[in-house]
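Reader: I've got some "how do you know that" questions about the labels used for this model. Can you take me through them one at a time?

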Amino acid sequence: MKMKKGLSYLLCIACFSGLLMACSDSGVENGGDQTAQTEETAAEEVDSNLNLDGFPIVNETITLTAYGQRDQNQAAWDEMFVFQEYEKMTNILMDFQEVPADGFAENKQLVFASNELPDVFLRAAITANEISTYGVGSGQLMVLDDLIEQYAPNISKIFEEYPNIRQACTASDGHIYTLPTVDISATGKMDFKQWINTKWLDELGLEIPTTLEEFKEVLIAFRDQDPNGNGEQDEIPLGLRDPNTVYQLGGPFGLGYQMRDTYNIDENGTVHNWLCDDAFKEYLIYLNDLYEEKLIWQEYYKNDRPAWRSNLAAELYGAMYMPYSDVFLNCEQDYSGYEPLIGPTGEKYWSDATSGATIGAYALSNTCSDPEAAIRWVDYFYGEEGSIFFTFGEEGTHYYRDENGNLRFNDEILNAEEGFMTALGKITMVPGLGYPSVLTDETDRVVASDRTKEAAKILEPYLPEAFYAKPSVKPEDMDRVVAIEQDLTTYRDEAVTKFIIGEWEFDMWEEYCQTLEQIGIRELEEIYQRALDAQKS
């Protein structure tokens with residue numbers, strides 16, 4: 001398709017050049033004025049095809065190429081209900097070039113390297129590093145600031161009402177190159193929710209714990225008193241899922257999770273990585289004690305998700321952490337959310353917050369054939385009507401409103417033989433997430449059950465007042481950031497696991513901190529400080 005466009009363009013240039021030569025040979029004056037008038041007329045014709053509001057977006061059908069990653073549960077995008085209907089509404093035909101998730105990152109690199117770019121990137125998971133490289137650096141991604149201001153009222157409204165979401169999308173040069181998945185629901189303000197088995201608590205006559213000490217006492221009771229009543233000591237008091245979970249759950253020790261990483265950012269905007277802090281050491285000593293007492297799942301550090309889920313399906317966990325209850329619906333009613341535990345700080349603090357924005361869901365290339373139409377095309381999904389359509393499909397056909405006005409999928413979709421997510425993937429892009437749209441307390445019900453929404457509501461008052469996404473750094477800092485983070489993450493995860501499971505004694509702490517310093521933890525801190533300051537200015 002690109003080759004055909006290029007050939008047509010060359011033929012047009014040749015014909016136009018011949019016309020100019022003919023005019024010159026025949027003695028026609030003011031050829032430059034005629035050229036300017038021709039270009040102005042062409043621009044007016046393009047503008048006249050675009051409607052500034054309502055539908056259709058364009059009067060005469062246009063085609064845009066759209067490149068992105070298709071989730072395994074999604075139907076082919078040109079067969080998906082919302083896109084077929086939206087084409088009729090907009091007069092914009094998307095020539096989808098979707099790629100399977102397996103190998104997508106490498107394929108995306110080749111697309112940029114070849115410079116054979118699509119008009120739009122849709123669900124392409126464009127990272128902060130890629131924004132720095134292909135936006136700020138090479139300019140292959142188009143700056144969206146003016147387009148948003150002129151043609152995207154829904155996105156503009158979100159940026160105005162939620163400055164943290166604008167901040168998350170702003171690159172190191174102060175411009176916006178991608179649009180995010182926006183989640184302004186209560187459930188989306190945090191990742192993990194904490195759950196405890198209230199059935200077991202009732203069986204043992206225990207209350208929901210409020211402090212770290214009470215929590216340990218409850219875990220010991222879960223271990224020793226056979227709350228599931230099967231006569232075996234098979235209960236797993238605390239079901240940590242994987243090694244990374246540790247960093248997200250340090251709130252009782254005053255450890256934030258700013259930038260979705262091991263950082264605190266104070267009221268002055270000062271960035272600090274706490275991996276060497278005494279508070280983190282104290283937190284690890286607490287976890288080591290729980291592990292030695294066999295109160296934590298002993299296999300957590302192996303990151304064996306199937307095994308973890310199997311334990312959950314068998315309801316072997318007394319307490320655990322999960323974003324949503326969709327993976328334990330068989331025993332969902334036995335688990336309840338609860339308030340953050342009080343630790344050494346004396347405060348209740350749930351640190352696992354999010355910015356409400358997952359960047360890189362939508363972008364335009366610098367060769368986009370109709371950027372105004374392309375930005376209008378996506379803006380609809382960031383409004384109330386469009387977000388419901390994009391998330392749930394068509395009322396009556398796919399969903400209804402219950403007696404409380406809540407959106408509910410029809411039974412044939414919920415109970416589809418091929419599975420709910422596969423059935424939903426024939427209608428919308430929701431399976432796999434990462435799409436350009438906005439989730440609200442109304443539309444998050446696709447993944448958030450009533451139980452999940454209750455758990456989120458309990459934690460919401462204890463979230464940080466301000467949350468920062470990890471900023472995009474300058475291109476000249478990119479290689480250094482990648483190198484430091486790769487080495488730091490590898491060493492950090494290995495060392496932290498050894499502290500928790502007892503392979504390292506805590507007299508190794510100074511050596512651990514010195515190694516992090518040598519890797520460049522403070523240099524990384526400085527780079528992110530500069531990037532965050534640049535965003536603010």
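Reader: What makes Cys 513 count as buried?

Author: Its relative accessibility is 9%. Buried means under 20% relative accessible area, exposed means over 50%, and partly exposed is what falls in between, using a 1.4 Å probe and protein chains only. Since 9% is under 20%, Cys 513 gets the buried label. A word on sources: this is a predicted model, where local features need pLDDT of at least 70 and side-chain atom pairs count only at pLDDT 80 or more, while totals for chains, interfaces and linings use all residues. Residues are numbered from 1 along each chain as its sequence is written, and side-chain values use heavy atoms, with hydrogens and water left out.

Reader: How many disulfides does the structure hold, and how do you know whether Cys 513 is in one?

Author: The count is zero disulfides. For Cys 513, the nearest cysteine sulfur belongs to Cys 276 and is 3.5 Å away. A disulfide needs a pair of cysteine sulfur atoms within 2.5 Å, so at 3.5 Å Cys 513 is in no disulfide.

Reader: And why is Cys 169 without a bond?

Author: The closest cysteine sulfur, in Cys 368, is 18 Å from that of Cys 169, which is too far. Cys 169 is buried too, with a relative accessible area of 2%.

Reader: What makes the Phe 253 and Tyr 286 pair tilted rather than stacked?

Author: Start with the rule: rings of Phe, Tyr and Trp (its six-membered ring) pair if their centres lie within 6.5 Å, and planes under 30 degrees apart are stacked, over 60 edge-to-face, and the rest tilted. That rule gives 42 aromatic pairs. For Phe 253 and Tyr 286 the values are 6.0 Å centre to centre and 50 degrees between the planes. The distance passes and the angle is neither under 30 nor over 60, so this is a tilted pair.

Reader: Which parts does that pair tie together?

Author: Phe 253 is in the loop between helix H11 (245-248) and strand S7 (263-265), and Tyr 286 is in helix H12 (residues 278-292), so the pair links parts 33 residues apart in sequence. Helices (H or I, at least four residues) and strands (E, at least two) are DSSP runs, numbered from the N terminus. Both Phe 253 and Tyr 286 are buried.

Reader: How do you know what to call Phe 280 and Trp 509?

Author: They come out at 6.3 Å centre to centre with 55 degrees between the planes, so by the ring rule they're a tilted pair. Phe 280 sits in helix H12 and Trp 509 in helix H20 (residues 509-519), so this one ties together parts 229 residues apart in sequence. Phe 280 and Trp 509 are both buried.

Reader: What makes you say that Arg 492 sits over the ring of Tyr 247?

Author: A charge sits over a ring if NZ of Lys or CZ of Arg is within 6 Å of the ring centre and within 35 degrees of the ring normal. The charged end of Arg 492 is 4.0 Å from the centre of the Tyr 247 ring, so the distance part is met. Likewise, Lys 193 lies over the face of Tyr 324, at 4.5 Å from the ring centre.

Reader: Why is helix H14 described as largely enclosed?

Author: Eight of the nine residues of H14 (residues 371-379) are buried, so the rest of the structure largely encloses this helix. Among the buried ones are Ile 375, Trp 377 and Val 378. Trp 377 also belongs to an aromatic cluster that includes Phe 55, Tyr 380 and Phe 381.

Reader: Does the chain have odd backbone spots, and what makes Phe 55 and Pro 56 one of them?

Author: Most residues other than glycine have a negative phi, and most peptide bonds are trans. Phe 55 and Pro 56 are joined by a cis peptide bond, with omega at about 0 degrees. Pro 56 is in the loop between helix H2 (31-49) and strand S1 (62-70).

Reader: Where is Ala 125, and is it buried or partly exposed?

Author: Ala 125 is in the loop between strand S3 (120-122) and helix H5 (128-137), with a positive phi near 50 degrees. At 39% relative accessibility, it falls between the two cut-offs, so it's partly exposed. Glu 315 has a positive phi as well, near 55 degrees, but at 15% relative accessibility Glu 315 counts as buried.
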